[in-house]
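Biologist: Could you take one part of this model and go through it closely, setting it against the chains around it? I would like a single connected account rather than a list.

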Amino acid sequence: MDKLLAVIRREFFETVRTKSFMISTLLVPVIMAASMTVPMLLARQSGAKKLTVGVADQTGALFDPLDRELQSDPNKDYLKDGARKYELVAASPEQLGNLEEYARYKDEVEAAGKEAQERKSKTPASVAEPAPIPPRGTPPGELIKKMKADALVEIRPKVLTGESEPIYYSENVGDFEPIRRIENALNSVVMVQRFEGTNLPPERIKELTKGVDLTPRKVKEGGEIAKGNFGTEYFTAIFFAIMLYMMTMMSGMALSRGLLEEKGNRIIEILVSSVTPFQLMTGKILGHALVILSQLLAWSVMGAALYMAAGSAERSAGVLSVMNLTLLGYLGVYFLLGYLLYAALFAAVGAICTTEMEAQQTQTPILLLQMVPLLAAIAIVRQPDSGWSVGLSMFPFTAPSIMMMRMALKPPPMVEILASIGILILSVAAAFWAVSKIFRVGILMTGKKMTIPEVVRWLRAA
Amino acid sequence: MSYAASTTPALHLQGISKSFGEKKAVRDLSLEVPAGSVFGLLGPNGAGKSTSIRIALNIYVPDEGTVRILGSPHSPAIANRIGYLPEERGLYTKMKVGDMLAYMASIRGVQAKEAAPRIQRWLERVELGAYRDKKVQELSKGMQQKVQFIATVLHEPELIVLDEPFSGLDPINTNLLKDFIVELRQQGRTIIFSTHIMEQAERLCDAICLINSGRKVLEGSVSSIKAQYGRNTVALAYDGDGGFLRGHPLVRKMNHYNSYVEVYLAERADPQHLLSDIAPRVRVKRFEVIEPSLHDIFIDRVGETQEAAPSREVAVG
């Protein structure tokens, strides 16, 4: 027992004292904070810019209502300084004509292309290419430039009867905020236009055509209703899986690297002749587990401090709202069991390899195995109860992450929780047993990588 | 000589064999290390010395045979009573000297509190008192060797096993280590060390075991081994043509040195007969019946077994 403690103590202190530990402890929260705030800042910045929109209204009736509509929402239609966000520019009749001309030209080119294709398939060889159609009109991109606009909305007459859809041309169609706003505005003005001749006042038309939104509400045990939303739950679930993945990978690699060092300088001989392989392996794994715990603790303290400094307690309340102590307790159990299982595998890698390169290759399957829950995350979030979800939450190597996700989304039946914890405990015990056998022999092999049959033979011999 | 005392042997190997794949590193090796003695495990490189030591220390499991160490089979409790210096000596280069020594003591059952004053005492003794809080990698090679040695004996083991302890040491550290070995023996501890340098073994060992190609060639106290060979060797110096000595019926083998020739006599040959035979032919300047060195015995016996076993099947250190 004293020897086990001695090994744990050394692994812990020698890892905690390294520069890389200090750096990762300090840097990870910084990177995390940056990865959350930078997109937010960027999004805010793009929303703060004026957008000039050219409108090619071929119906001749929508420009003015659209212009009015895009001044109607005080939250969405104005910049900070009170100026309009969307400035509309109407296309001149000549520009409209050119745009139509271009559309016709495109249609002709397409039709000609199709015809040529058909002819070719009938008489494959020696048919003269038809003369190219000379381009006419103004393409939308050019028109945007001419109008000194950022985007162009083309509304064909058939839009009013629902036979055609308006088109939004822009160099950037990734910024969905203005697209959605203009779409909404168009919807309401087109509706009003469609009701023309019914004598209904525009306000009444708006009321009549207002859509409905479906609001998701999470139901918790005991019947109370939580104001959860999909984003928070998804984030929480995936957060735990990623944490487990990262922590296990980092400390697993540190573990196998440490073993390689000891094998390389032959300290391992002294260790093996002084402590049992089981003590050595367990000590190392637990030592690194302590490292992880202290790192998590440091991050929690830093995170709490950051929140307090930023004065945004509500934001953290979002994450905490799906949390309760029972859930946290389960998460702790799964995290620990998942770590122990993977750490044993990494220890085995350290024991059977002799060089760092070899170890990296051997680690690859373990890392891929750890990726499975992350790749499955979206499917799990959508269907936490499907056969696959349940299956993966019983398979020991994916159980910890998958169960963490499932618990954050929709508490699985107690039977499943107990079964998966039971399977995990048995797997950890089996892994420790097998790996300490491999340890005993593999640890002393140097200069020669062992083969799978050899490993199997040792396990049998044990 | 405590060696002769009939106490429980510190180490007893019985019929040990170990193969690595096709290579037979150790073959049916039996030996007994008397408690309280300095025991040399001798042999050329690749003879199986390190493998035998690792088997004795439960680092390797033998294919056949049994090991009794300090009177019983290997166990965690017994591990605390053994000090071991591996051949390729390694240290945790990034740890502080004091921390590393404390760790080495702790895995042999010595608590930190107990270890701290010992560490200071030892470091001061080898003039490294100021280096306790330095990282191991900041030390010179010679200093690291001293630290390694301290790590071996810090837990005050009864049995100390040193694998090629003198290789790579400078003359000062060689002397220091020699003094340590003598001192440890005086304290009643047993020291086993392996070497291929016979002069050291000759000066330090009470008993030796000579192995070659994984087999035991010779075992016993140094004095008895020498006595066995002693009456058979003559140091001879002369003026004149000594060519007739080659092929002389009384001469088994000759070893030429700068100023004299070592002549190994044939079995049961009387040196007196040789003297009377050569006296009329050359001018004898020196004729002395000498004890052969372990070196000579080593060369003699290893050469012999190699002739007997022409293919060298062993290449494991």
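Modeller: This is a predicted model, and I begin with chain A as a whole, where 76% of the contacts with a separation of 6 or more are between residues 24 or more positions apart. The secondary structure of chain A consists of 17 helices and 6 strands, and 30% of its 462 residues count as buried.

The part I would look at closely is helix α15 of chain A, residues 399-409, which is mostly covered, with 11 of its 11 residues buried. The run opens with A:Ala399, A:Pro400, A:Ser401 and A:Ile402, continues through A:Met403, A:Met404 and A:Met405 to A:Arg406, and finishes with A:Met407, A:Ala408 and A:Leu409, each of them buried. Here a buried residue has 20 or more other C-beta atoms within 10 Å of its own, and A:Arg406 and A:Ser401 meet that criterion along with the methionines of α15(A).

As for the surroundings, chain B has 10 helices and 13 strands, its C-alpha trace spans about 75 × 45 × 35 Å along the principal axes, and 39% of its 317 residues count as buried. Among contacts in chain B between residues at least 6 apart in sequence, 73% join residues at least 24 apart.

The two chains meet where 18 residues of chain B are in contact with 18 residues of chain A. On the side of chain B that touches chain A, α2 (76-79) and α3 (97-106) of chain B each supply at least two residues, and the residues of that side comprise 12 nonpolar, 4 polar and 2 charged.

Key: Residues numbered from 1 in each chain as written. Chains lettered and ligands numbered in written order. Predicted model: local features only at pLDDT ≥ 70, side-chain atom pairs only at ≥ 80, totals over all residues. Contact = placed C-beta atoms within 7 Å. Helix = DSSP H or I, 4+ residues; strand = E, 2+ residues; numbered from the N terminus. Nonpolar A, V, L, I, M, F, W, Y, C, P; charged D, E, K, R; others polar. Buried ≥ 20, exposed ≤ 12 C-beta atoms within 10 Å, placed from the backbone.
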